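This report describes the strand order, the helix packing and the main pocket of one protein model. The sequence and structure are shown first.

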Amino acid sequence: MQTYTLIATCAAGIEALVARELKQLGYQTQTDNGRVLFEGAIEDIAIANTWLRTADRIKILFGQFKSTSFDDLFNQTYNLPWEDILPMDAEFPVSGKSIKSKLHSVPNVQRIVKKAISKKIMDTYARKAMLPESGALYPIEVAIRKDIVELTLDTSGSSLFKRGYRADKGIAPLKENFAAALVMLTTWHHDRPLYDPTCGSGTILIEAALIGRNIAPGLHRHFVCENWTLSKPSIWESVRQKAKDAIDYNVQLDISGSDIDHKMIAIAKENAKKAGVSDCIQFKQMQLSDYTPDKDYGILISNPPYGDRMLSEEQVHKIYQDMGRIYQPMETWSKYILTSDESFEEHYGMTATKKRKLYNGALKVDYYQFWSTKR
């Protein structure tokens with residue numbers, strides 16, 4: 001079976017999580033900025049798309065070479081074995097980007113690559129007329145950095161963060177894969193309480209429940225490569241059946257969340273229901289200041305308002321002060337709070353045990369970690 005160099009792309013700062021996931025699935029990895037490379041066949045593409053919680057996309061690295069002229073770009077692109085992966089009727093849009101390279105005109109780069117692939121397919125199938133491009137979608141990207149060209153095929157289609165369970169996102173939502181990363185960066189285990197006091201549409205808690213029950217995040221969605229000629233329905237049926245068999249419905253989870261907005265609580269409940277985990281998450285409308293913990297040795301994760309998200313700076317700082325007053329006495333709990341506000345610790349009233357830099361989309365944020373002082 002044909003094997004490929006595969007790329008799991010991800011947000012900056014969580015490459016180690018993606019690598020850890022892939023290693024747990026049995027793959028050897030190589031980590032780079034914003035991506036993790038591994039080797040695999042079409043079955044492995046199916047497994048990675050189905051199981052990875054923190055990655056953005058799974059791509060095939062189809063070609064890599066140095067190029068500084070359009071003629072050379074055309075020739076090296078043409079020489080790649082496109083006929084091995086693209087059928088005659090393939091629809092293959094070409095997107096592109098160029099960073100610090102002589103071939104800096106992205107539209108021209110895209111045009112040359114498209115032309116070279118088209119000619120290769122036309123020559124392979126002895127066609128003189130234009131290709132129909134009426135078949136399955138094969139998204140291709142040409143990326144040039146410092147004159148090194150990479151040609152990739154996107155196997156995922158829609159980003160992997162689109163699990164399919166969010167009926168409504170609410171205001172300033174976290175992407176599902178980023179929410180999963182926030183959970184995986186804590187010390188939470190399914191036998192410990194987990195609480196989100198600013199749960200919004202419930203994404204962090206839903207991702208935790210999926211992790212706790214070992215539910216594959218991509219189990220109930222489809223991927224663009226399923227329609228490719230190199231793919232077979234039996235492969236996907238097998239991967240999905242194994243994922244279904246791996247679900248642990250008997251695990252007991254203590255997951256809860258609250259939000260001041262009753263509309264967000266309703267959205268969170270609906271999202272949890274669509275995700276199939278509504279029976280193991282407790283949602284409650286409640287002000288942050290009304291929370292009183294009745295359990296020990298739990299994990300608290302919060303994505304409170306920050307920056308220009310909904311509230312004024314004064315209101316946001318008041319929330320941080322309330323958090324410090326309520327959470328600092330919770331000595332057996334570990335607290336993890338995400339914000340872009342660099343003055344957070346000042347208002348919270350305590351210096352974090354550890355601070356991790358992440359990116360929530362294009363926004364640089366810090367993940368403040370306050371570890372339990374009592375074990």
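Across which strands does helix α3 lie, and at about what angle to β4 does helix α3 run? Helix α3, residues 70-78, lies across β4 and β7, and its direction makes about 120 degrees with that of β4. The model under discussion is a predicted one.

## The sheet from β2 to β5

Seven strands form an open sheet with mixed pairing, in the order β2-β3-β1-β4-β7-β6-β5. Its edge strands are β2 (30-32) and β5, each of which pairs on one side only. From one strand to the next, the twist averages 30 degrees.

Within this order, β1 and strand β3 (residues 35-40) are antiparallel and are joined by six bridges. One pair of bridge partners consists of Y4 and G40, the latter in β3. In general, strands of a sheet pair through backbone hydrogen bonds, in either the parallel or the antiparallel sense.

Besides helix α3, which lies across β4 and β7, helix α4 also packs here. Helix α4 comprises residues 106-124 and lies across β5, β6 and β7. Relative to β5, helix α4 runs at about 135 degrees.

## The sheet from β10 to β13

A further open sheet of seven strands, also with mixed pairing, follows the order β10-β9-β8-β11-β12-β14-β13. Because β10 and β13 stand at the edges and each has a single partner strand, one side of each is left without a neighbour in the sheet. Neighbouring strands of this sheet are turned against each other by 20 degrees on average, direction ignored.

Helix α5 packs on this sheet and touches β11 (299-302), β12 (334-339), β13 and β14 (363-370). The direction of α5 makes about 170 degrees with that of β13.

## Parallel pairing and the β-α-β unit

Strand β8 (residues 194-196) runs parallel to β9, and three bridges join the two. In this pairing, D196 has G257 of β9 as its bridge partner. Strand β9 (residues 255-259) is in turn joined by five bridges to strand β10 (residues 281-285), again in parallel. There, I255 is the bridge partner of I281 in β10.

What handedness does the β-α-β unit made by β9, helix α8 and β10 have? The unit is right-handed, with helix α8 spanning residues 262-275. Helix α8 lies across β9 and β10, and runs at about 165 degrees to β10.

## The largest pocket

The largest pocket holds about 930 Å³ of space. It is lined by 32 residues, of which T9, C10, N33, G34 and K97 are the closest to its centre. Two or more lining residues come from each of β1 (4-9), β4 (57-66), β5 (94-99), β6 (140-145), β7 (148-154), α5 (176-184) and β13 (354-360). Among the elements, β6 gives the most to the lining, with four residues.

How many residues of the lining are nonpolar, polar and charged? The lining of the largest pocket contains 13 nonpolar, nine polar and ten charged residues.

Technical notes:
Residues are numbered from 1 along each chain as its sequence is written. This is a predicted model: local features need pLDDT of at least 70, side-chain atom pairs count only at pLDDT 80 or more; totals for chains, interfaces and linings use all residues. Side-chain values use heavy atoms; hydrogens and water are left out. On a 1 Å grid over the protein atoms alone, a cavity is a set of points where a 1.4 Å probe fits but cannot get out, and a pocket is an open set with protein on both sides within 12 Å along at least five of seven lines; lining residues have an atom within 4 Å of a point. Grid points are joined across faces, edges and corners, and a volume is the space filled by probe spheres set on the points. Ala, Val, Leu, Ile, Met, Phe, Trp, Tyr, Cys and Pro count as nonpolar, Asp, Glu, Lys and Arg as charged, and the others, Gly among them, as polar. Two strands pair if DSSP finds at least two bridges between them. A crossover is right-handed if, with the strands pointing away from the viewer, the path from the first strand over the helix to the second runs clockwise. Axes are lines fitted to C-alpha atoms, for helices over the stretch in contact, and angles run from 0 to 180 degrees between N-to-C directions. Contact means heavy atoms within 4.5 Å.
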